[in-house]
Amino acid sequence: MSEYKSDLLRLLDSRGYIHQLTDAEGLDALATKEVVPGYIGFDATAPSLHVGSLVQIMMLRRLQQAGHKPIVLMGGGTSKIGDPSFKDEARKLIDAETINANIASIKRVFDRFLTFGDGRTDAVMVDNADWLDKLEYIPFLREIGQHFSVNRMLSFDSVKLRMDREQSLSFLEFNYMILQGYDFLELARRAECRLQLGGSDQWGNIVNGIELCRRVDGTQVYGVTTPLITTADGGKMGKTEKGAVWLNADQLSPYDYWQFWRNTQDADVGKFLRLFTDLPLDEIARLEALQGSEINEAKKILADEATTMAHGPEAAAEAAETARKTFEEGAAGEALPTLPVLGEISLVDALVGLGLVASKGEARRLIAGGGARVDGEKTGEDVTIKVANGVRISAGKKKHGLLTAA
């Protein structure tokens, strides 16, 4: 661990957030003597962010905890293009009305993690459409475009990946990194922003913005990236059989969110506790040292803490109680995913309808392999289920749902 002087870099370093720094000494010195406004950009390509964005949200939370000012930059402008970084193909273009609706939906998440207001360290939310939508093309090319080298832009990994695979990279997408660099310049001017934070895939974009601020206004700004968060088996954090782990409750229930954290691999418990909870480091060290079945208690604490942060203490307590009833008592808790049924339904349709499997084919394979249960009883056939009162459906040992009478 490096010997940083500022509370900010010590906090980020001790919890595992730092991958790259553009000028560690300069940022460390700045953060010891004044409040540093720092930002992260979030494009509004869906009604909710997912758990893959959570490490960035937590970075803003840590920034505020260390006495600095978080700036949440919503990409109302850049969402009209879409970030091409490390994507195999171009994003589908979405209209302004959808983008604005997505931003309104996403805003609810940040209220859980940050304190907003007018104070020196209170978080603010801004939208880059406020300046990007007003740009005039020729003046923008003259003022900003001259500072970007196409040769250098082509050398960035995010671009080279598409080129090496001979996949099309449109001129529209190629402009994205220029616009992101311009965001940093605008925030430095408008909000005295001195720091951009982001994932490791944003390194090239962040460096572009830093150099643009220096060349155009002579402003010294800084960048920090986080490591790519992977699971112990090398998988991408947040990818599950059921799809994305959304942060909005209307996209993914608090119970399913709790279960996602409860199912963390043993080797990841300590890392995830440091990154995604506010528990003290000495308590985390104790929890990650637990052996055998005791590590499950650490996973429950991780699930409780992460769910409380995203959905509140009541939702977390309800999810934990539902899990306890389901797994420890064999009963059906109230927060399980439910499917109203009129009369009867096949087990295959029930498994798909509850979201316990992704397809009918997967459901049939699960049943044939003996992994499906109806009210705790294993079945190897696609039985027809008559639904009068609640019927509990299980896919394996960890996925459960409830059929209710419509």
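1. Which residue in strand 15 does R392 stand opposite? The partner is L402. This is a predicted model, and the pairing of strands is a good place to start reading it. Strand 14 covers residues 391-395, and strand 15 covers residues 399-405. The two run antiparallel and are joined over five bridges.

2. The turn between these strands deserves a look. Three residues sit between strand 14 and strand 15 in this hairpin. One of the residues to check there is G396, which takes a positive phi near 75 degrees.

3. Strand 14 also pairs with strand 11, residues 372-374. This pairing is antiparallel too, over three bridges. Here V374 stands opposite I393 of strand 14.

4. Is strand 14 mostly covered or mostly open? It is mostly covered, with five of its five residues buried. Both faces are covered. V391, I393 and A395 are buried on one side. R392 and S394 are buried on the other. R392 is thus a residue to view twice: it stands opposite L402, and it is buried.

5. Now place strand 14 in its sheet. The sheet is open and has five strands, in the order 9-15-14-11-12. Its pairing is mixed. Strand 9 (338-341) and strand 12 (377-379) are the edge strands, each pairing on one side only. From one strand to the next, the twist averages 30 degrees.

6. Turn to S79. Its place is the loop between strand 3 (69-75) and helix 4 (96-113). Is S79 buried or exposed? It counts as buried because its relative accessible area is 3%, and the cut-off for buried is under 20%.

7. The side chain of S79 has polar partners in the backbone. It reaches the backbone nitrogen of A44 at 2.7 Å. A polar atom of the S79 side chain also lies 2.5 Å from the backbone oxygen of G75. Leaving aside residues up to four places away in sequence, S79 touches D43, A44, T45, I94 and I99. A44 therefore appears both as a residue touched by S79 and as a polar partner through its backbone nitrogen, and S79 itself is buried.

8. Two helices come next. Two packed helices are described by the angle between their axes and the distance between the axes. Helix 3 (residues 54-65) and helix 13 (residues 269-276) pack at about 50 degrees, with axes 9 Å apart. That angle makes helix 3 oblique to helix 13.

9. Which residues meet where helix 3 packs on helix 13? Helix 3 brings L54, V55, M58 and R62. Helix 13 brings R274, L275 and F276. By type, the contact divides into five nonpolar residues, no polar ones and two charged ones.

10. Helix 2, residues 24-33, holds several buried residues: G26, L27, D28, L30 and A31. What do these buried residues pack against? Their neighbours are helix 1 (7-14), strand 1 (20-21), strand 5 (195-199) and strand 6 (222-226).

11. Finally, check E192. It lies in the loop between helix 10 (176-191) and strand 5. Its phi is near 55 degrees, a positive value in a residue other than glycine. Most residues other than glycine have a negative phi. E192 counts as exposed because its relative accessible area is 56%, and the cut-off for exposed is over 50%.

Terms used. Residues numbered from 1 in each chain as written. Predicted model: local features only at pLDDT ≥ 70, side-chain atom pairs only at ≥ 80, totals over all residues. Heavy atoms only, no water. Buried < 20%, exposed > 50% of the residue type's maximum accessible area, 1.4 Å probe, protein only. Helix = DSSP H or I, 4+ residues; strand = E, 2+ residues; numbered from the N terminus. Contact = heavy atoms within 4.5 Å. Polar contact = N/O pair within 3.5 Å; in protein donor to acceptor, adjacent residues only side chain to side chain. Axes fitted to C-alpha atoms, helices over the stretch in contact; angles between N-to-C directions. Parallel < 35°, antiparallel > 145°, perpendicular 65-115°, else oblique. Nonpolar A, V, L, I, M, F, W, Y, C, P; charged D, E, K, R; others polar. Pairing = 2+ DSSP bridges.
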